[in-house]
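Dear colleague,

I am handing over the structure we spoke about, and I would be glad if you could look through it alongside the notes that follow.

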Amino acid sequence: MEERETELLVVGSGVAGCAAALAGARAGADVTLATKASRPEDSTSYWAQGGVAVTRGDPDAFKSDILEASDGLADPEAVDILVSEADEAVREVFVETLDVDFDGGDEPEYGREAAHSEARILHVDASTGRHILAPFLNHLADHDRVEVLEDTAALELVTHEGRVHGAMLERDGEWAPCFAGSTVLATGGVGACYGRTTNPPTATGDGVAMAALAGADIADMEYVQFHPTAFASEAPRASERSGEAAARGEEAEGGAGEDGQGTFLLSEAVRGEGALLRNAAGERFMPDYHDDAELAPRDVVARAVKAERERTGEVYLDVGPVDFAGEFPDLHAECEARGVDPAEGIPVAPAEHFLCGGIDVDTEGRASLDRLFAVGECARTGVHGANRLASTSLLEALVWGRRAGEAAAGHEVERIEAPELRDTDPDLPDSFADEKFVRLRRVMDEYAGIERSPSDLGRAGGVLRRLKGEVDAYTRTRTSRSLYELRSACVTALLITRAAAENDRSRGCHHLVEEPTADAD
């Protein structure tokens with residue numbers, strides 16, 4: 001791979017990265033968009049089902065819902081920006097530029113999802129992400145100021161004295177620096193750190209890890225959101241596996257999604273239309289957990305589903321009250337492809353879904369390092385606080401992507417000495433990274449999942465520190481994409497467990513459970 005330079009380097013090709021690239025190009029910058037993806041499906045944005053929330057003329061109600069879902073921890077200034085720019089951003093980019101045909105056309109069919117006080121979600125069936133991302137990538141591919149580098153990974157940032165000058169890029173086993181006037185990280189989520197996730201397998205936390213290793217401020221990493229209704233072909237339960245076994249990485253029983261591959265989710269829009277959650281006994285249980293029942297905040301529903309699966313063995317989504325095939329044909333087809341008759345109930349389980357924290361940024365996506373920006377799921381804008389409101393992720397990606405892309409334009413490229421990545425030792429076995437990922441995921445599932453305890457987080461930290469030490473020893477003399485992805489996942493997992501261990505108060509996605517007490521003599 002040849003050394004290159006660009007006025008604006010964007011790493012990641014989801015909606016956030018695409019929005020930043022488009023805004024940067026419109027501001028007059030020559031943009032290089034580097035992405036690990038070789039097809040749209042490799043991006044987290046492509047997997048987004050629910051849709052895009054807008055104000056429907058009532059920004060105050062939208063803001064109130066975001067703040068309430070965040071357990072009061074969202075930054076009001078950030079929420080004001082999101083809400084005030086939502087409608088114009090969606091209209092200008094998604095409708096006028098990309099010609100996205102939301103359901104209902106000129107008379108939109110707004111959906112309602114959990115913790116929303118009204119129906120305000122624009123959607124395309126239950127596969128909104130794919131209908132936005134594909135035309136977005138096509139639009140950028142035809143833009144005369146944007147160069148798209150597919151199947152290209154960023155390994156680490158190029159920095160000097162607190163300023164970021166680009167990144168080391170890798171493609172086809174070769175790497176070289178890409179010097180940039182400004183760099184925008186839009187690398188998506190951290191799903192590969194967990195066994196069951198709604199993210200694609202490329203979501204290894206690269207942006208968060210690269211920024212942290214370069215010295216950028218990271219915040220709110222303990223707030224990892226689990227979607228309550230991911231498809232479950234089986235019903236594995238963490239309680240079936242001992243903590244010692246998880247720490248050793250031994251095999252556990254059951255396991256849809258235990259290899260870290262993404263599983264499809266049953267959008268909250270289905271519950272918004274009237275679908276019900278039932279346990280193995282056929283009992284509807286959500287009214288016992290929250291007044292809003294199936295439309296309670298995600299963290300509440302996810303913990304309830306986990307508890308009922310452990311208590312009764314299974315939870316399924318009853319779509320009987322919904323015209324499932326008519327309203328959600330894509331989801332109906334997904335179920336049938338897996339041999340499930342939706343009329344008999346769809347088995348569901350919580351799955352890692354979204355990181356509410358990340359690289360700490362301001363209202364224009366600026367990180368604490370000079371000329372570094374971050375947008376989308378790898379960024380902590382302050383919008384989500386302790387728990388994200390449904391269908392705000394694509395909106396946040398769009399709003400902050402536009403802001404960051406414009407703010408990042410206009411900086412001159414400064415070449416410096418790039419880091420030397422060594423590759424002097426023999427290649428590791430092809431299975432090396434996969435085997436280490438199995439160990440990492442089991443530790444995170446067992447100790448840093450939907451519920452945590454201080455002692456479990458301490459155990460996780462010990463295992464992860466040892467694992468990162470092993471990986472660091474190999475990266476000193478070897479360079480490969482899989483090895484650097486593993487390093488990113490280890491760093492990200494450590495950041496999550498450390499932040500969780502330092503926060504002794506349950507809020508939103510960060511839910512602490514009491515330690516078991518020893519019996520008195």
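For a protein of 521 residues, a compact globule would have a radius of gyration near 24 Å, and the 22 Å found in this protein agrees with that. Please keep in mind as you read that this is a predicted model. Taken along the principal axes, the box that the C-alpha atoms fill is roughly 65 × 65 × 40 Å.

As to how the chain is built, the protein has 14 helices and 18 strands. When contacts between residues at least 6 apart in sequence are considered, 76% of them join residues that are at least 24 apart. Buried residues account for 60% of the 521 residues, while the surface that the protein exposes comes to about 19900 Å², of which carbon and sulfur atoms supply 41%.

The charged side chains may also be of interest to you: there are 101 negative and 50 positive ones, and the centres of these two sets lie 4 Å apart.

One residue can serve as a place to begin looking in detail, namely His-143, which is found in the loop between α4 (128-141) and β5 (146-149). Is His-143 buried or exposed? Its relative accessible area is 19%, and because buried means under 20%, His-143 counts as buried. If its neighbours within four places in sequence are left aside, His-143 is in contact with Leu-22 and Ala-25, so you may wish to display those residues together with it.

With best wishes

Definitions and conventions: Residues numbered from 1 in each chain as written. Predicted model: local features only at pLDDT ≥ 70, side-chain atom pairs only at ≥ 80, totals over all residues. Heavy atoms only, no water. Helix = DSSP H or I, 4+ residues; strand = E, 2+ residues; numbered from the N terminus. Rg over C-alpha atoms; globule rule 2.2 N^0.38 Å. Buried < 20%, exposed > 50% of the residue type's maximum accessible area, 1.4 Å probe, protein only. Contact = heavy atoms within 4.5 Å. Areas by Shrake-Rupley, 256 points an atom, 1.4 Å probe, with all protein chains shown as cover. Lys, Arg positive; Asp, Glu negative; His and termini not counted. Charge placed at Lys NZ, Arg CZ, Asp CG, Glu CD.
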